[in-house]
Amino acid sequence: MSSLPIGYLTRKEIISACHRLHSPQLSDEQNKETYGKCNNFHGHGHNYVIEVTLRGPIDRATGMVMNINDLKIYMKKAIMDTMDHKNIDKDVPYFKDVVSTTEHVAVFVWDGLKAQLPQPEILYEVKIFETEKNIIRFRGEYTN
């Protein structure tokens, strides 16, 4: 048995944060038309459910893709410490010039985790439930 089985490890965190969907590249009228009530001048909040999935070989000695306690620490640094109970637009420098859509939040989480993981290649997916009905997945893919 020379090859190792591949496993998927997912951990979930829940954060409360607020933001305003507003693009400086659009007029006020275009922002209202594009983002509707999410363009409210004073913002609005979510209880985001963020799932991070790793995909990698299951280590023979430990029986794990990664120690879940280690993943918990990485997620705390990349997600909880940076966004929980924050105004994403004002408290997270990344969003100074980036519209804080959930798609961009997923990219921000992805990049933050990639920078911390000892084996960043095992990061498989960031999945964010903005609401029960609105779900975003990001797997690190970019277009040219």
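# Briefing on a predicted single-chain model

Of the 144 residues of the chain, 38% count as buried. The structure is a predicted model. The chain has four helices and five strands, and from the N terminus on these elements follow the order β-α-β-α-β-α-α-β-β. The points below are grouped by topic.

**Overall dimensions and surface**

- The C-alpha trace of the chain spans about 65 × 35 × 25 Å along its principal axes.
- About 9000 Å² of the chain is exposed, and carbon and sulfur atoms supply 51% of that area.
- Among contacts in the chain with a separation of 6 or more, 69% come from residues 24 or more positions apart.
- The chain has 18 positive and 19 negative charges, and the mean positions of these two sets are 4 Å apart.

**The largest nonpolar core**

- In soluble globular proteins, nonpolar side chains tend to be buried together.
- The largest nonpolar core of this chain has 33 residues, of which Ile50, Val52, Leu54, Ile79 and Met83 touch the most other members.
- At least two residues of this core are supplied by each of the following elements: strand S1 (6-19), strand S2 (44-57), helix H2 (68-83), helix H4 (102-116), strand S4 (123-129) and strand S5 (135-138).
- Ile50, one of the core residues named above, touches Arg11, Lys12, Glu13 and Ile15, and also Met75, Ile79 and Met83, when residues up to four places away in sequence are not counted.
- On the same basis, Ile50 also touches Val109, Val126, Lys127 and Ile128.

**Trp110**

- Trp110 is placed in helix H4.
- With a relative accessible area of 5%, Trp110 is buried, because it falls under the 20% cut-off.
- Once neighbours within four places in sequence are left aside, Trp110 is in contact with Leu123, Tyr124, Glu125 and Val126, as well as with Phe138, Arg139 and Gly140.
- Trp110 and His19 lie 91 residues apart in sequence, and their C-alpha atoms are 19 Å apart in space.

**Cysteines**

- A disulfide is a covalent bond between the sulfur atoms of two cysteines.
- The count of disulfides in this model comes to zero.
- Cys18 is in no disulfide, and the nearest cysteine sulfur, that of Cys38, is 13 Å away; this pair does not qualify because a disulfide requires sulfur atoms within 2.5 Å.
- Cys38 is likewise in no disulfide, its nearest cysteine sulfur being that of Cys18 at 13 Å.
- Cys18 is partly exposed, with a relative accessible area of 27%.
- Cys38 also counts as partly exposed, at 22% relative accessibility.

**His85 and Lys90**

- Most residues other than glycine have a negative phi.
- His85 is not a glycine, yet its phi is positive, at about 60°.
- The place of His85 is in the loop between H2 and strand S3 (86-87), and His85 is exposed, with a relative accessible area of 66%.
- Lys90 is placed in helix H3 (residues 88-91).
- At 69% relative accessibility, Lys90 counts as exposed, because that value is over 50%.
- Lys90 and Arg20 are 70 residues apart along the chain, and 9.9 Å separates their C-alpha atoms.

How values were computed
Residues numbered from 1 in each chain as written. Predicted model: local features only at pLDDT ≥ 70, side-chain atom pairs only at ≥ 80, totals over all residues. Heavy atoms only, no water. Core = buried A, V, L, I, M, F, W, Y, C linked by side-chain atoms within 4.5 Å. Buried < 20%, exposed > 50% of the residue type's maximum accessible area, 1.4 Å probe, protein only. Contact = heavy atoms within 4.5 Å. Areas by Shrake-Rupley, 256 points an atom, 1.4 Å probe, with all protein chains shown as cover. Lys, Arg positive; Asp, Glu negative; His and termini not counted. Charge placed at Lys NZ, Arg CZ, Asp CG, Glu CD.
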